[in-house]
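User: Hi! I am new to reading protein models. Could you walk me through this one, feature by feature?

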Amino acid sequence: MPRSFSESATMRTLSFFIVLLCVWISFRMTNRSNHFSFSFSSSFSLNSKSNSFWIFQDILLDSEALEDGQAPARSLEYDFYRETCPEADKIIRAKVHQLFKIKASLAPALLRLAFHDCFIEGCDASILLDAVEGMDSEKDSPPNESLKGFDGIDIIKSDVEQVCPGVVSCADILVLAAREAVLLSGGPFYPLNTGRRDSTASFSDSATNELPSPHADLSETLASFSSRGFDERETVTLLGAHSIGVIHCKFFQNRLYNFGGTDEPDPTLDSEILEQMRSKCPKNHSSSSPAAPPFSDGSPMKAPRSPSLYNSLSSAVPPSTSFDKLLSSSPKDQGTVMTYGGTGADFGTVYYRSLLQGKGILYADQQLMAGEETGLWVRAYASDASLYQRDFALAMMKLSNLHVLTAPRGQIRLNCSRVA
Ligand code: HEM
Ligand SMILES: [Ca+2]
């Protein structure tokens, strides 16, 4: 039966919009991030759940912007600063290397800082804001008490500002510096798109309530990561970050003497490690995390001893800045921390091998052995370092893209600890 003119015109219009929608979706998928364009050889493949999470997040970003009456939010881009600040990447890399040579504990500090930023309202540098009247700071929330690396970011930022003022966001600097820190610690390189912008708010309550607890059991940890789109495998992968850096006694003291109010140690703790942990953290040991005096350093790395050396790190940094009191001190100074010691070739594997032996330091770490699937990944990573490197690269890409702010939202701060 011949169709009327208006019928076929409607069909044509409909087909046009369907084609347009398909083109838009495929454009978004290729443009979204390296998740789609970056492929690894071997058996690894991204699961469909994580892909749909990103597409969903993207669509959400756009519709939110449109509701505000703003232009749609842009996506992150490969080499976003190629025209506006082509040197940014190089400056960030060089500075992280320079600071790392002075104090190697910068690396774990930066990685943890990036995690605590991205986990709370996304990778928007909200963690870097100081408290001001009417706004508490995430920095001051209890789970962030022992965070370090803020001065390191300030030093990098001021170097970048000297070359391209007002262009590069603190949020991008933080994830790029963390990537460098991972590499310096023996972890993998992973590509990151840029174009993140900085928040105008700090989310102190969310930090207090939503950062995962070291005392959490497996289901709580999995729920916390799942709420950010990470599956069990990715959660196990990310916790492997604990193979570097230090853990203060106060985060596991209860496991040593009075686990769950029993007056007994955590029964899942291997007896050898229990001894070691008790000798580091005696019963009456103060539960605070001590900060070392400025410029004290027991590590083989040499700390700057004079303001002039310190100032040479960046002329824009005031001499009073303490490089987070040289990132507190080293484990050797304190005797109040435990470490998995997994830098270099051991990045990751040492952590998982410790868990296999019941030598997890945090209760939340050891809990990864309590689930069937999580236990399976612990075993896999303990024996296959290259699988771990690949998975960690992908999980860090995903973490670094969590709920980012892109133009026209957010801002570029001039000083990372203050709203511009
Ligand atoms: C269940 C999830 C997690 C919990 C409960 C947790 C908790 C903790 C705690 C209590 C510390 C010791 C802090 C101190 O003693 O000052 C720590 C250190 C650290 N965490 Fe986590 N964390 C988790 C996940 C992650 C993730 C996903 C990453 C990164 C991808 C990460 C990176 C680090 C690093 C690098 C350190 C060492 C920091 C340093 O030495 O400066 N953590 N974490
Ligand atoms: Ca944040």
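Analyst: Happy to; we will go from the overall fold to a ligand, a pair of helices and a few backbone details. Keep in mind that this is a predicted model.

User: Where do I begin? What does the secondary structure of the protein come to?

Analyst: Begin with the elements: the protein has 19 helices and two strands. Then look at burial, where 40% of the 420 residues are buried. Contacts tell you how the chain folds back on itself: of those between residues at least 6 apart in sequence, 78% join residues at least 24 apart.

User: Next, the ligand. How many residues surround ligand 1, and which are the closest?

Analyst: The way to read a ligand site is to list its shell, then ask which elements supply it. Here 25 residues surround ligand 1, and Ser146, Pro212, Ala241, Gly245 and His248 are the closest. The elements that give two or more residues to this shell are α5 (106-119), α10 (232-239) and β1 (247-248). Helix α5 gives the most, with five residues.

User: How do the residues of the shell around ligand 1 divide into nonpolar, polar and charged?

Analyst: There are 15 nonpolar residues, eight polar and two charged.

User: Pro212 was on that list. Where is Pro212 found?

Analyst: Pro212 sits in the loop between α8 (204-210) and α9. The UniProt record, an unreviewed entry, places the feature "binding site" at Pro212. Leaving aside neighbours within four places in sequence, Pro212 is in contact with Thr221, Ser224 and Ala364.

User: Is Pro212 buried or partly exposed?

Analyst: Burial is read by counting C-beta neighbours, and 20 or more within 10 Å would make a residue buried. Pro212 has 19 inside 10 Å, so Pro212 counts as partly exposed.

User: And α10, which also lines the ligand? Which residues in α10 are buried?

Analyst: Glu234, Thr235, Val236, Thr237 and Leu239 are buried in α10. The buried residues of α10 pack against α9 (218-226), α17 (363-366), α18 (372-383) and α19 (385-400).

User: How should I read two helices that pack together? At what angle do α4 and α6 cross?

Analyst: Look at the axes, then at the residues that meet. The axes of α4 (residues 88-102) and α6 (residues 150-163) come within 10 Å and cross at roughly 145 degrees. The crossing of α4 and α6 is right-handed.

User: Which residues in α4 meet α6?

Analyst: The general idea helps here: an α-helix has 3.6 residues a turn, so residues three or four places apart point the same way. From α4 come Ala88, Ile91, Ile92, Lys95, Val96 and Leu99, which meet Gly152, Ile155, Ile156, Asp159, Val160 and Val163 of α6. The residues of this contact divide into nine nonpolar, one polar and two charged.

User: Last, the backbone. Where is there a cis peptide bond?

Analyst: First the background: most residues other than glycine have a negative phi, and most peptide bonds are trans. In this model a cis peptide bond joins Ala407 and Pro408, with omega about 10 degrees. Pro408 lies in the segment after α19.

User: What about phi at Ala125 and at His403?

Analyst: Ala125 has a positive phi of about 60 degrees although it is not a glycine. Ala125 is in the loop between α5 and α6, and is buried because 30 other C-beta atoms lie within 10 Å. His403 has a positive phi of about 40 degrees, again without being a glycine. His403 is in the segment after α19, and counts as partly exposed because there are 16 C-beta neighbours inside 10 Å.

Technical notes. Residues are numbered from 1 along each chain as its sequence is written. Chains are lettered from A and ligands numbered from 1 in the order in which they are written. This is a predicted model: local features need pLDDT of at least 70, side-chain atom pairs count only at pLDDT 80 or more; totals for chains, interfaces and linings use all residues. A residue is near a molecule or strand if its C-beta atom, placed from the backbone, lies within 6 Å of it. Helices (H or I, at least four residues) and strands (E, at least two) are DSSP runs, numbered from the N terminus. Ala, Val, Leu, Ile, Met, Phe, Trp, Tyr, Cys and Pro count as nonpolar, Asp, Glu, Lys and Arg as charged, and the others, Gly among them, as polar. Axes are lines fitted to C-alpha atoms, for helices over the stretch in contact, and angles run from 0 to 180 degrees between N-to-C directions. A crossing is left-handed if the near helix is turned anticlockwise from the far one by less than a right angle, and right-handed if clockwise. Two residues are in contact if their C-beta atoms, placed from the backbone, lie within 7 Å. A residue is buried if 20 or more other C-beta atoms lie within 10 Å of its own, exposed if 12 or fewer, and partly exposed in between; C-beta atoms are placed from the backbone. UniProt positions are given in the numbering used here, feature names are shortened, and annotations may be inferred rather than shown by experiment.
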